Amino acid sequence: MSASSAVGTFVVWDYVVFAGMLLISAAIGIYYAIADGGQKTSKDFLMGGRSMTAVPVALSLTASFMSAVTVLGTPSEVYRFGAMFGIFAITYTCVVIISAEIFLPVFYRLGITSTYEYLEIRFNKVIRLCGTVMFIIQTILYTGIVIYAPALALNQVTGFHLWGAVVSTGVVCTFYCTMGGLKAVVWTDVFQVGVMVAGFTSVVIRTVVVQGGISPILNDSYHGGRLNFWDFDPNPLRRHTFWTIVFGGTFTWTGIYGVNQAQVQRYISCKTRFHAKMSLYVNLLGLWAILACAVFAGLCLYSVYKDCDPWTANIVPAPDQLMPYLVLDLLRDFPGVPGLFVACAYSGTLSTVSSSINALAAVTVEDLIKPYFNLSERQLYWTSKGMSLLYGVLCIGMAALASLMGSLLQAALSIFGMIGGPLLGLFALGILFPWANPTGGLVGLVCGFAVSLWVGIGSQVYSVLPESTRPLHLSTAGCNLSSLTVDSNWTAATEMTPLTTTLLKEAADRPYLADHWYSLSYLYFSTVGTLVVLAVGLIVSLLTGGRKQHLEYGKTLVQEDLIFYSLFSSCKANDEKQVEMLNWKPSPTKVSGTVNPVFSDIELDLPENKEKVNGVHI
């Protein structure tokens, strides 16, 4: 029995709501293509003229975080493993503070457009090129998956046309990115975050009404073991504990918010450093709100299906399809509302993809074209537009390739996180340690990347056993089993997939590394990569004369950068000094323009949002 036949399908009004979201997003791109006389330079296109303010940038960062992975994956995560995911609120706080007080001041002071431009300023062209290539590969791969994976999940539950959704979202996203540049990306994100919040809250409110209030939902969750916030087990093999989420999660998300072009590009586009910092801190409020909604949605999911789990009963084939199933189950009598939820999920996709396309264009122009070709500002502007169009087409093509990858989808998401860790280590090496030199940076990056790939790929070859993930009890005791086709590998009292059964039978044949090194929590992949880069990079730098080098002011974190600027502080003097610093040039021998105030925009779940990027089952 298919999920759609069990609970209903989409109607005309649902398609109207979805189409309306796409049309409004496209209209925003057209508006910013012609507003204020149109865009004339690459600075206007990639950086919005470096005139953005804190609030819209903060909402754009929030929209990027709230990807389709968040909408579909986080509630199913809480449904299966409990509300411990809520501890990420602490992680996000640490990430924002580190990004705002350590990485942002250096990037903003140098007036760079591409974050990888910093790698040449601090180290050399070879390291800059390595960072650029790694970013381009991981982002194209991840963006294709971001487009395809939610489309597949929604198609199998709602009957929403798979390739119609993939192509339409990809084309619309590419259109407004190419037409309107960074301003279009930011303001469509502002619109889309409203759609996402509306879609999320409509499901939560309906569930509260059906279940008779919030108290019954919390009561069901408590008795079902879902309110398991605190687990201080120090075992690094456990998928989620307080330590893996706070410590490992901080490294993972700092790799996205602190140094990834996807996020950095937007807050660097702010008109002052104060606005840039405030965009991060205001964004933190949005992260907390979205996390609370996603976790509570997972508890709602459990309260509704505590006695008849659709996944266990084989009604839906994957956990990420539970939220769409709940939507059709509870909201089928409200035409257009299921469409609002689908628009909610795809708004997350659009925000992620648009950020990725804009950042890919900026990195390509600044790192691969501008240093080697003598182009006028007008030529750079059209080149930037061309790159946006090219990467939009490549991302849609990558979505088609993702449809053939099958079980490799999660492997690709893990690789995204594995690349982020070594890059975070490289940037931290340059910003925090004045004696780190190019030799140490390059050797550290290679070693960190190798170790990160080793553990990440090994974790895909040898799946983690249930004692590390500890899935919670799911039941089909309340199902009408006569009308369901229940998988014989499941019972009402246990959660044992065919894969898990096979793994348990073959446990004796697994190598030692499989149950130890390869079973490391996915949140530690980035941590391992970062620490290896730092350790190796520092040792090699000290052995190759790193202490003898003389760095110009501003290439590393300085004492003035550590001052916390609050809303009540006077920022006039700081802004004046900051404008003066933007005229600083690293060296007359540099070929590339390191003093380009142009910046662009990208988002990640996946991560890149990532996020979310790592460990979400698709």
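Buried means under 20% relative accessible area, exposed means over 50%, and partly exposed lies in between (1.4 Å probe, protein chains only). The model is predicted, so local features need pLDDT of at least 70 and side-chain atom pairs count only at pLDDT 80 or more, while totals for chains, interfaces and linings use all residues. Residues are numbered from 1 along each chain as its sequence is written, and side-chain values use heavy atoms, with hydrogens and water left out.

**Exercise 1.** Classify Ile 90 as buried, partly exposed or exposed, and place Ile 90 in its helix and its surface patch.

Solution.
- Ile 90 has a relative accessible area of 33%, so Ile 90 is partly exposed.
- Ile 90 belongs to helix H6 (residues 88–110); helices are DSSP runs of H or I with at least four residues, numbered from the N terminus.
- A nonpolar patch joins Val, Leu, Ile, Met, Phe, Trp and Tyr side chains within 5 Å, from residues with over 30% relative accessible area and no salt bridge.
- Ile 90 forms such a patch with Phe 229, Trp 230, Phe 232 and Trp 243, and together they have about 530 Å² of accessible area (Shrake-Rupley method, 1.4 Å probe, only the protein chains shown counting as cover).

**Exercise 2.** Find the residues that touch the most other members of the largest nonpolar core, and the helix that gives the most to this core.

Solution.
- A nonpolar core is a set of buried Ala, Val, Leu, Ile, Met, Phe, Trp, Tyr and Cys residues joined through side-chain atoms within 4.5 Å.
- The largest has 160 residues, and Phe 107, Tyr 118, Tyr 267 and Tyr 346 touch the most other members.
- Helix H9 (residues 162–211) gives the most to this core, 18 residues.
- Leaving aside residues up to four places away in sequence, the contacts of Phe 107 (heavy atoms within 4.5 Å) include Tyr 118, Val 264 and Phe 427.

**Exercise 3.** Describe the salt bridge of Asp 220 and the burial of its two partners.

Solution.
- A salt bridge needs a side-chain nitrogen of Lys or Arg within 4 Å of a carboxyl oxygen of Asp or Glu.
- Asp 220 pairs with Lys 306, with the closest N and O atoms 3.5 Å apart.
- This pair links distant parts of the chain, 86 residues apart: Asp 220 is in helix H10 (residues 214–223), and Lys 306 is in the loop between helix H13 (273–305) and helix H14 (322–331).
- Asp 220 has 15% relative accessibility and therefore counts as buried, whereas Lys 306, at 26%, is partly exposed.

Terms used: Helices (H or I, at least four residues) and strands (E, at least two) are DSSP runs, numbered from the N terminus. Patches are made of residues with over 30% relative accessible area and no salt bridge: like charges are joined within 9 Å, nonpolar side chains (Val, Leu, Ile, Met, Phe, Trp, Tyr) within 5 Å.
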